[in-house]
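User: I would like to go through the terms used for this model and see how each label follows from its cut-off.

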Amino acid sequence: MASLGAQAVPRTDTPRAGVLRVTFEPVITTWEYEFTPQGRTPIGATLPATVFIRQEQRVTPLQLEFGITNRIAVGVKAPLVRVNSRQSYNFDSTGAVDSAGKALDSLLNDTTYGYGSLSPTPRNLHYFAGDMEVQAKYRLVDEPHYALSTTLLVRLPTGHQESPNALFDIPTGDHQTDVEIQAAGELLLLSRLWLNGSLRIVNQRPGTRAMRVGPQSQLLQPHATLATLDWDPGNYVAFDFAPMYRFSKFFGAGFTAGWYTKAEDHYRYRSRQDSIDVATNSGAAVAADVLDGGTAARRWRLGFALTYLSPEAEGALSFEQTVSATAEEAGTRIPAASVFRIVLRLTRWPF
């Protein structure tokens with residue numbers, strides 16, 4: 001099957017035996033609003049003052065795939081992640097921080113909370129490694145008008161989580177192991193309409209996470225409730241559909257639709273002493289599972305994609321926007337994210 005290169009969803013084809021495929025796929029995600037049980041609201045809307053926050057994460061991964069046979073390939077993906085959280089207070093007519101902003105700043109710097117003033121991410125904290133991936137892919141079906149592949153992927157804990165002491169910090173990864181099964185399919189109709197779809201089922205393995213223990217609905221938690229917890233993140237399922245129209249042998253365009261659902265996380269103290277320490281420091285017993293509520297999520301993204309294929313290289317770009325999300329429990333905050341993706345791919349004999 002002659003694949004339409006650099007599609008907006010994972011492709012079914014693999015590099016031929018002995019061939020190395022190099023993919024460069026930067027992804028820029030930005031958001032200023034969140035979906036909550038109260039609807040779409042600005043980030044930090046529950047704070048006692050008006051603040052302006054814009055989150056940005058740029059993932060720049062380099063992926064290498066090598067064909068073991070004409071149907072089996074192995075690969076590795078190494079992402080470099082740039083994070084930037086732009087934060088500022090509201091200003092009055094004189095250009096100074098308004099009284100509510102000053103009160104919030106004082107609260108954040110109080111020893112009870114110890115978050116520090118809101119400020120953009122420092123330059124020296126912009127770039128970090130993300131969670132690396134290793135995978136094995138098998139092309140099950142390769143017919144003239146349809147194809148199917150399956151992939152086993154392991155995501156490694158090489159990124160870092162957000163800091164519990166920075167109010168709007170951005171993670172570069174989950175820093176725990178994922179086991180993911182992917183299935184991708186392609187169907188060509190009337191030699192022009194290319195139907196591409198992928199299904200991802202992800203088992204997130206337990207790990208640890210430093211958190212301030214309190215309801216997810218409350219952004220401000222006392223520093224005394226800080227603890228390192230056993231963390232069992234909820235598994236998730238994602239489906240992406242990207243029909244594309246082939247205007248020529250080398251160029252196609254279409255829309256994208258992505259659905260994602262994630263189960264609830266579960267938190268536990270690692271020992272009885274950890275629970276006692278939090279109760280002693282904060283003056284009251286706090287159950288770790290109070291963090292569970294608000295961690296389940298469902299969302300839809302819609303967008304468009306363009307793709308181009310030449311004899312020597314492939315390229316594509318896509319833009320997606322979170323258009324709806326189900327945030328039923330108090331504390332649920334799902335980013336109303338815009339996602340811009342570029343794909344550049346080269347295939348070469350390595351020797």
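Analyst: The turns below take up one residue and then one pocket.

Analyst: This is a predicted model, in which local features need pLDDT of at least 70 and side-chain atom pairs count only at pLDDT 80 or more, while totals for chains, interfaces and linings use all residues. Residues are numbered from 1 along each chain as its sequence is written, and side-chain values use heavy atoms, with hydrogens and water left out.

User: Why is Thr69 called partly exposed?

Analyst: Thr69 has a relative accessible area of 33%, and because buried means under 20% and exposed over 50%, with partly exposed in between (1.4 Å probe, protein chains only), Thr69 is partly exposed.

User: Which residues is Thr69 in contact with, leaving aside neighbours within four places in sequence?

Analyst: With those neighbours left aside, Thr69 is in contact (heavy atoms within 4.5 Å) with Pro15, Arg16 and Ala17.

User: What does the side chain of Thr69 reach at 3.0 Å?

Analyst: That side chain reaches the backbone nitrogen of Ile72 at 3.0 Å, and the backbone nitrogen of Arg71 at 3.1 Å.

User: What classes of residue make up the lining of the second largest pocket?

Analyst: The lining has 11 nonpolar, nine polar and one charged residues, where Ala, Val, Leu, Ile, Met, Phe, Trp, Tyr, Cys and Pro count as nonpolar, Asp, Glu, Lys and Arg as charged, and the others, Gly among them, as polar. Strand 6 gives the largest share of this lining, three residues, a strand being a DSSP run (E, at least two residues) numbered from the N terminus.

Notes. Polar contact = N/O pair within 3.5 Å; in protein donor to acceptor, adjacent residues only side chain to side chain. Helix = DSSP H or I, 4+ residues; strand = E, 2+ residues; numbered from the N terminus.
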